[in-house]
Amino acid sequence: MARNVVWHDDYWLLLMQLYLRKPVGVKPLYSREMVNLSMELHIAPQALQNRMQQIARLDTPRIERIWQTYSDNPRRLARAVRLLREMKGFGAAGEFYEGVEVQETFERDFRPLADDERFTPAMLILILDLYFQLTPSTMVSATPEVGALARLLGLKAVDVVQVLDVYQICDPYLERNEVTLSPLLLPCQQIWQRMSDKEPQQLNELANELKAYFK
């Protein structure tokens with residue numbers, strides 16, 4: 001179970017550097033840079049985005065001071081961030097991160113599957129969203145939507161079709177009871193179960209947010 005987030009003031013420097021990257025402003029929830037920083041700090045993207053919104057509003061005197069010090073001096077900010085990352089233990093589990101929330105779910109979503117490193121759970125979520133937009137007869141490589149998603153994910157169209165085929169086995173409405181030895185079956189079943197309580201619109205909104213990571 002996740003622990004409560006303990007926010008270190010040093011994190012403001014890392015977050016502000018990301019905020020100031022062009023285009024300046026609050027970054028998309030699942031942009032690659034946001035996810036990478038989240039994984040580095042072991043803090044979920046939602047929590048970092050909330051903090052980034054505080055920067056946008058200059059919510060506190062502390063944020064205002066940091067803004068005045070670094071917003072017009074990116075080199076100074078880069079030096080401060082570099083020194084912070086050189087601190088002993090930074091980027092690894094240890095005293096520096098004691099008490100920081102560890103959101104293993106979000107971290108696993110962006111790591112390759114153990115049994116098939118072509119895919120991550122985040123990619124399977126995007127393919128599941130596509131699944132509900134197609135019919136079984138259109139779950140083929142020639143379908144434009146399949147090709148478009150494959151290009152976004154850096155996959156071949158046949159890779160996406162492979163996952164769509166496994167989702168057909170997961171789908172109770174299709175009543176396909178055949179046995180498959182695909183290593184994707186368990187990961188796809190897990191994603192199906194995670195998303196089963198979401199409305200199609202909610203799944204589509206999540207998928208659209210996740211696409212930012214792959215652009």
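## Cysteines and a helix crossing

This predicted model contains zero disulfides. A disulfide requires two cysteine sulfur atoms within 2.5 Å. Cys170 forms none, and the nearest cysteine sulfur to it, that of Cys188, lies 5.6 Å away. Seen from the other side, Cys188 is also in no disulfide, with the sulfur of Cys170 as its nearest cysteine sulfur. The 5.6 Å gap is therefore beyond the 2.5 Å cut-off.

Are these two cysteines buried or exposed? Cys170 counts as buried. Cys188 is buried as well. The table gives the values.

| Cysteine | Relative accessible area |
|---|---|
| Cys170 | 15% |
| Cys188 | 0% |

Next, the helices. Helix H7 spans residues 121-131 and helix H10 spans residues 185-195. They pack at an angle of about 65°, and their axes are 10 Å apart. That angle makes H7 roughly perpendicular to H10. The crossing of the two is right-handed.

Which residues make the contact? From H7 come Pro121, Leu124, Ile125, Leu128 and Tyr131. H10 supplies Pro187, Cys188, Ile191, Trp192, Arg194 and Met195. By class, the contact of H7 with H10 holds 10 nonpolar residues, no polar ones and one charged. The charged residue is Arg194 of H10.

Cys188 links the two topics. This cysteine takes part in the contact with H7, is buried at 0% relative accessible area, and is in no disulfide.

How values were computed:
Residues numbered from 1 in each chain as written. Predicted model: local features only at pLDDT ≥ 70, side-chain atom pairs only at ≥ 80, totals over all residues. Heavy atoms only, no water. Buried < 20%, exposed > 50% of the residue type's maximum accessible area, 1.4 Å probe, protein only. Axes fitted to C-alpha atoms, helices over the stretch in contact; angles between N-to-C directions. Helix = DSSP H or I, 4+ residues; strand = E, 2+ residues; numbered from the N terminus. Parallel < 35°, antiparallel > 145°, perpendicular 65-115°, else oblique. Left-handed = near helix turned anticlockwise from the far one by under 90°. Contact = heavy atoms within 4.5 Å.
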